[in-house]
Amino acid sequence: MKKEIVLSGIRPTGFLHLGNYFGAMRNYVRMQDEFDCYFFVANWHSLTTHPDTKTLQESVLRVVAENIACGLDPEKVSLYVQSDVPEIAELYLYLNMLAYKGELEKTTTFKDKIRMQPDNVNAGLLTYPVLQAADILIHRAVKVPVGKDQEQNLEMARNFAERFNYRYGEIFPMPYAFNYNSELVKIMGLDGNGKMSKSENQMTTLFLADEDDMIRKKVMKAKTDQGPLAPNSKKPDYIENLFTLMSLVSSADTVKKFEEDFNNSSVGNCVIRYGDMKKQLAEDMVGFIQPIRTKATDLQNNKDLLIKIINQGADKARASASTTLNLVRQAIGMKYV
Ligand code: TRP
């Protein structure tokens with residue numbers, strides 16, 4: 001039986017962190033055995049917000065290396081760089097004729113971004129959802145593992161696909177957001193404020209590239225308080241977050257011990273010691289991140305191998321992309337040879 005097609009894109013605009021790992025990459029790794037997977041680095045998209053390309057190449061290679069270090073197997077999936085697949089750009093061109101200025105101006109991400117860069121409201125920013133639709137439709141993918149913030153872009157991709165199908169013939173299946181657990185693991189920053197993020201305070205985000213001592217330092221600085229005021233209290237967000245992190249990287253026994261300590265604590269009898277909890281979490285976090293970091297660094301030091309891997313990814317992606325593009329050209333009547 002033909003496997004369903006999964007596709008997702010990663011913007012190369014920062015270092016990958018623990019939130020990316022548990023929110024996205026861990027799921028990609030699981031999907032690679034079940035589906036026909038395409039994962040790519042969206043370097044064209046990054047030009048809409050980051051026109052300076054001095055560090056772009058390095059970031060692209062780092063993202064590829066980090067994804068492999070997290071368990072993506074380039075033999076099983078197609079792991080490629082967007083700009084290596086020119087077929088995407090041609091499909092983007094056709095889809096642009098089916099996208100309306102009004103609907104593009106209304107998207108939340110566009111409105112957010114022009115607020116952030118009022119001096120650079122470029123057409124690429126406006127048509128960002130069209131390029132994203134081309135990324136997805138070029139492989140006729142049906143499952144797109146993305147977070148909530150991407151729902152609107154997916155809805156637009158379905159709209160463009162539907163318009164295309166209606167006007168030129170049924171080529172595209174409808175793509176939908178897809179994740180295993182209906183509830184994605186949410187990881188907050190270590191200060192308990194908002195999601196762990198690459199752009200916010202760097203000291204409250206654990207990056208996959210962080211050195212051991214940096215990991216320890218960040219975990220030890222995580223926000224705590226004087227402890228619960230009564231047995232079986234409700235945990236404040238920032239404490240809950242430490243337990244979430246612990247449940248992801250520590251042994252079940254360790255988590256159980258600190259859960260019990262928390263639940264048995266009250267004013268004047270605080271059994272849980274957050275200092276000890278953070279020390280344990282720091283060590284387990286080092287144990288978790290270290291092998292990923294080492295593997296990613298080794299790969300980044302082996303540029304030849306990385307280039308070989310993305311070339312191989314591009315070959316696989318282009319084979320699929322050119323099949324779709326041929327159908328598209330035929331359907332529109334753009335095929336003369
Ligand atoms: N817009 C996505 C983000 O900001 C990245 C992306 C680009 C993407 N093209 C895609 C995601 C196609 C899924 C499918 O994270």
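**Notes on a predicted structure: a buried glycine, salt bridges and a ligand site**

1. G313 is a residue of helix α14, which runs over residues 303-332. The model is a predicted one, and every value in these notes should be read with that in mind. With a relative accessibility of 3%, G313 counts as buried, because the label applies to residues under 20%. Leaving aside the neighbours within four places in sequence, the residues in contact with G313 are S78, L79 and Y80. A further distance may help when you look at the model: from C-alpha to C-alpha, G313 and D84 are 9.2 Å apart in space, although 229 residues separate them in sequence.

2. Helix α14 also holds S320. Is S320 buried or exposed? The relative accessible area of S320 is 14%, and therefore this serine is buried, given that the limit for the label is 20%. If residues up to four places away in sequence are not counted, S320 touches Y38, I138 and H139.

3. R26 has its place in helix α1, made up of residues 18-31. Its relative accessibility is 30%, so R26 counts as partly exposed, a label for values between the 20% and 50% limits. Not counting residues up to four places away in sequence, R26 touches Y21, V185 and L248. For another pair, R26 and M214, the C-alpha atoms are 23 Å apart in space, and the two residues are 188 apart in sequence.

4. Salt bridges deserve a careful look, and a search of the whole structure finds 15 of them. One of these joins R216 to D213, where the closest N and O atoms are 2.9 Å apart. Both residues belong to helix α10 (residues 212-220), and they are three residues apart, which is about one turn of the helix. The partners can be described by their accessibility as well: R216 is partly exposed at 27% relative accessibility, while D213, with a relative accessible area of 56%, is exposed.

5. R216 has a second partner, since the side chains of R216 and E283 also meet in a salt bridge, with 2.8 Å from N to O. Why does this pair tie together parts that are 67 residues apart in sequence? The reason lies in where the two residues sit, because E283 is in helix α13 (residues 274-300) whereas R216 is in helix α10. The relative accessible area of E283 is 40%, so this residue is partly exposed. Taken together, D213, R216 and E283 are linked in a network of salt bridges.

6. A further salt bridge can be found in helix α12 (residues 252-263), where E260 and K256 are four residues apart, about one turn of the helix. The side chains of E260 and K256 meet with a distance of 3.9 Å from N to O, and the pair counts as a salt bridge because the cut-off is 4 Å. E260 is partly exposed, with a relative accessible area of 40%, and K256 counts as exposed at 51% relative accessibility.

7. The last points concern the ligand. Which residues come nearest to the ligand? Of the 13 residues around the ligand, they are R11, Y128, Q132, D135 and Q150. The shell as a whole divides into six nonpolar, five polar and two charged residues. In terms of the elements that supply these residues, β1 (5-10) and α8 (128-137) each give at least two, and α8 gives the most, with four residues.

8. Three atom pairs give a closer picture of how the side chains are placed around the ligand. A polar side-chain atom of R11 lies 3.0 Å from an oxygen atom of the ligand. In the side chain of Q132, an N or O atom is 2.9 Å from a nitrogen atom of the ligand, and for D135 the corresponding distance, again from a side-chain N or O atom to a ligand nitrogen atom, is 2.8 Å. On its own the ligand has 360 Å² of accessible area, and the protein covers 91% of that area.

How values were computed
Residues are numbered from 1 along each chain as its sequence is written. This is a predicted model: local features need pLDDT of at least 70, side-chain atom pairs count only at pLDDT 80 or more; totals for chains, interfaces and linings use all residues. Side-chain values use heavy atoms; hydrogens and water are left out. A residue is near a molecule or strand if one of its heavy atoms lies within 4 Å of it. A polar contact is a pair of N or O atoms within 3.5 Å; within protein, one must be able to donate a hydrogen and the other to accept it, and residues adjacent in sequence count only if both atoms are side-chain atoms. Accessible areas come from the Shrake-Rupley method with a 1.4 Å probe; for residues, only the protein chains shown count as cover. Ala, Val, Leu, Ile, Met, Phe, Trp, Tyr, Cys and Pro count as nonpolar, Asp, Glu, Lys and Arg as charged, and the others, Gly among them, as polar. Buried means under 20% relative accessible area, exposed over 50%, partly exposed in between (1.4 Å probe, protein chains only). Contact means heavy atoms within 4.5 Å.
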